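The following report describes the fold, the helix packing and selected local features of one protein model. The sequence and the structure are shown first.

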Amino acid sequence: MADTVSAEQRSRNMSRIRSKNTKPELKVRRLLHHAGYRFRLHGAAAGGSLPGKPDLVFAGRRKVINGCFWHTHSCSAGTHAPATNPEFWAAKRARTVARDAAALQALKAAGWEALVVWECELRNPSALEAELSAFLGPPGTPASALEEDAPR
């Protein structure tokens with residue numbers, strides 16, 4: 001299938017696709033903030049940036065949340081690939097999956113736990129909130145601080 005716009009217009013369109021502060025990311029951030037969680041953004045942690053620059057960082061809990069909102073997930077958005085230039089997109093998506101897997105492995109090796117939120121999970125906010133709460137624990141004081149204050 002041929003592209004219906006010029007190369008210049010396609011370049012302009014693609015340059016406007018954001019990698020940070022996307023609508024799905026903002027929905028997750030609002031949900032967590034409203035639930036009482038506080039976090040840092042885009043891989044920011046004491047001592048520098050984390051591997052893969054995860055979307056949300058909970059430094060006291062040593063947990064991160066990353067949104068892979070369409071990277072080859074089994075939902076309809078993840079299985080749909082552009083019809084134009086399919087070889088390019090297949091290779092690009094494969095590189096993205098490999099990059100994400102390497103980043104998650106590097107986080108695990110550094111002692112961090114990671115959760116990936118898929119765009120299709122945003123359709124059910126209450127289920128997503130339950131999943132996030134189960135992953136993060138109660139809002140407020142991080143689990144590591146609770147363990148330090150516990151009687152021995």
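In this predicted model, residues 24 or more positions apart account for 57% of the contacts with a separation of 6 or more, a contact being heavy atoms within 4.5 Å. The model is predicted, so local features need pLDDT of at least 70 and side-chain atom pairs count only at pLDDT 80 or more, while totals for chains, interfaces and linings use all residues. Residues are numbered from 1 along each chain as its sequence is written, and side-chain values use heavy atoms, with hydrogens and water left out.

## Overall architecture and confidence

The protein has six helices and six strands; these are DSSP runs numbered from the N terminus, with helices (H or I) of at least four residues and strands (E) of at least two. Along the sequence they follow the pattern α-α-β-β-β-β-β-α-α-β-α-α. Of the 152 residues, 30% count as buried; buried means under 20% relative accessible area, exposed over 50%, and partly exposed in between, with a 1.4 Å probe and protein chains only.

The mean pLDDT, the predictor's confidence in each residue on a scale from 0 to 100, is 82 for the protein, and 86% of the residues reach 70 or more. Among the elements, helix H6 (residues 143–149) has the lowest mean pLDDT, 52, and H5 the highest, 93.

## Nonpolar cores

A nonpolar core is a set of buried Ala, Val, Leu, Ile, Met, Phe, Trp, Tyr and Cys residues joined through side-chain atoms within 4.5 Å. The largest such core holds 14 residues, of which Val28, Leu32, Phe58, Ile65, Val117, Leu132 and Leu136 touch the most other members. Two or more residues each come from H2, strand S4 (56–58), strand S6 (113–117) and helix H5 (125–136). H5 gives the most, with four residues. A second, separate core of six residues includes Ala45, Leu50, Val57 and Leu107.

Valine 28 touches Leu56, Val117, Leu122, Leu128 and Leu132, residues up to four places away in sequence not being counted.

## Helices H2 and H5

An α-helix has 3.6 residues a turn, so residues three or four places apart point the same way. In H5, the buried residues are Leu128, Leu132, Phe135 and Leu136. Seen down the helix axis, the buried residues of H5 fall within an arc of 85°, so they line one face; the arc is that of the directions from the helix axis to the C-beta atoms. Ser126 and Ala134, on the other side of H5, are exposed. The cover over the buried residues of H5 includes H2, S4, strand S5 (63–67) and S6.

In H2 (residues 23–34), Pro24, Glu25, Val28, Arg29, Leu31 and Leu32 are buried. These buried residues fall within an arc of 165° when seen down the axis of H2, so they too line one face of the helix. Lys23, Arg30 and His34 are exposed on the other side of H2. The partners against which the buried residues of H2 pack are strand S1 (40–41), S4, S5, S6 and H5.

The end C-alpha atoms of H5 are 16 Å apart, which agrees with the 16 Å that its 12 residues should span at 1.5 Å a residue. For H2, the 12 residues should likewise span 16 Å, and the end C-alpha atoms are 16 Å apart. The expected span is 1.5 Å times one less than the number of residues.

Which side chain makes a polar contact with the side chain of histidine 42? The partner is glutamate 25, at 3.5 Å; a polar contact is a pair of N or O atoms within 3.5 Å, where, within protein, one must be able to donate a hydrogen and the other to accept it, and residues adjacent in sequence count only if both atoms are side-chain atoms. Glutamate 25 lies in H2 and counts as buried at 3% relative accessibility.

## Positive phi angles

The table lists residues with a positive phi.

| Residue | Phi | Place |
|---|---|---|
| Glycine 36 | near 105° | follows H2 |
| Arginine 62 | about 55° | loop between S4 and S5 |
| Asparagine 85 | about 55° | loop between helix H3 (76–79) and helix H4 (86–109) |
| Glycine 137 | about 85° | just after H5 |

Arginine 62 has its positive phi although it is not a glycine, and its relative accessible area of 36% makes it partly exposed. Asparagine 85 is also not a glycine; asparagine 85 counts as partly exposed at 41% relative accessibility.
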